[in-house]
Amino acid sequence: MPIAPSSTLWESPSTLIFVGLVDYRDPRCATTIDYLFSRAKYPDRVRIGIAQQRHTEDDHFHCINDYCNHQKDRHQCLRRSQLKMIEFTHLLARGPNYARYIVESLLTNEDFYLSLDAHMDVVDEWDVKLLHEWRQTGNEFAIISTQPPDVSVLVDRDYHNAGIVPHLCQWEVDD
């Protein structure tokens, strides 16, 4: 029998959500950071940790610098204190699971954890909706997981409004 959530922590606007972003040579990382903050109902609660794997000579993008440079006041990067990053050369990359392991080292005292790739989009008020969905599981230890659609599908904002979620209809566990 699942253990029902015993607190109302999920309801509080001050509940912290850590978002672990995995970036492998992806110039869209700064846009994803912007979406996470601008579309959260309570952006002060969002903390973002990034594992950026890039070719230091060939890749002319940098997640945090690009995010800050696209703001109105480049000298005062809004929400900079809510960002942490570990950057390493793509030559040391060992796949997305290794990068997720690396980004978890940036996790501190946050209450919830969301793992994303650096080219994701989110719906408006994603933070509130995600915690509400977690609460609906009735399980203190619930893990919510899905395989996101191809990023080209996300261009159509009606996709979000339709409430469409991809389903993984087949799975197998090997002994």
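Visitor: In this predicted model, is Tyr101 buried or exposed?
Guide: Let's check its relative accessible area, which is 58%. Exposed means over 50%, so Tyr101 counts as exposed.

Visitor: And what about Tyr98: buried, exposed or partly exposed?
Guide: Tyr98 has a relative accessible area of 34%. Buried needs under 20% and exposed needs over 50%. The value for Tyr98 falls in between, so Tyr98 is partly exposed.

Visitor: How do the rings of Tyr98 and Tyr101 pair up: stacked, edge-to-face or tilted?
Guide: Their centres are 6.4 Å apart, and the planes make an angle of 35 degrees. Stacked pairs need under 30 degrees and edge-to-face pairs over 60. That leaves this aromatic pair as tilted.

Visitor: What separates Tyr98 and Tyr101 along helix H3?
Guide: Helix H3 covers residues 96-104. Tyr98 and Tyr101 are 3 residues apart in it, so the separation is about one helical turn.

Visitor: Which residue joins Tyr98 and Tyr101 in a cluster?
Guide: Ring pairs do the linking here. Along with Tyr98 and Tyr101, the cluster takes in Phe88.

Visitor: How many aromatic pairs does the structure hold?
Guide: Tyr98 with Tyr101 is one aromatic pair, and Phe37 with Tyr67 is another. Across the structure, the number of aromatic pairs is 5.

Visitor: How many residues apart are Phe37 and Tyr67?
Guide: Phe37 is in helix H1, while Tyr67 is in helix H2. Their rings are tilted, with centres 5.9 Å apart and planes at 45 degrees, and both residues are buried. The pair links distant parts of the chain, and the gap is 30 residues.

Visitor: Which residue puts its charged end over the ring of Phe37?
Guide: To count, the CZ of an Arg has to be within 6 Å of the ring centre. Here the charged end is 5.7 Å from the centre of the Phe37 ring, and it belongs to Arg79.

Visitor: Over the face of which residue does Arg39 lie?
Guide: Arg39 is in contact with Trp126, and so is this residue. Arg39 lies 3.9 Å from the ring centre, over the face of Tyr35.

Visitor: Which helix gives the largest share of the largest nonpolar core?
Guide: That core has 28 residues, and Trp126 is among those with the most contacts inside it. Helices H1, H2 and H4 are among the elements that give two or more residues to this core. The largest share is 5 residues, and it comes from H1.

Conventions:
Residues numbered from 1 in each chain as written. Predicted model: local features only at pLDDT ≥ 70, side-chain atom pairs only at ≥ 80, totals over all residues. Heavy atoms only, no water. Core = buried A, V, L, I, M, F, W, Y, C linked by side-chain atoms within 4.5 Å. Buried < 20%, exposed > 50% of the residue type's maximum accessible area, 1.4 Å probe, protein only. Helix = DSSP H or I, 4+ residues; strand = E, 2+ residues; numbered from the N terminus. Contact = heavy atoms within 4.5 Å. Phe/Tyr/Trp six-rings, centres within 6.5 Å; stacked < 30°, edge-to-face > 60°. Lys NZ or Arg CZ within 6 Å of the ring centre and 35° of its normal. Lists of a residue's contacts leave out its neighbours within four places in sequence.
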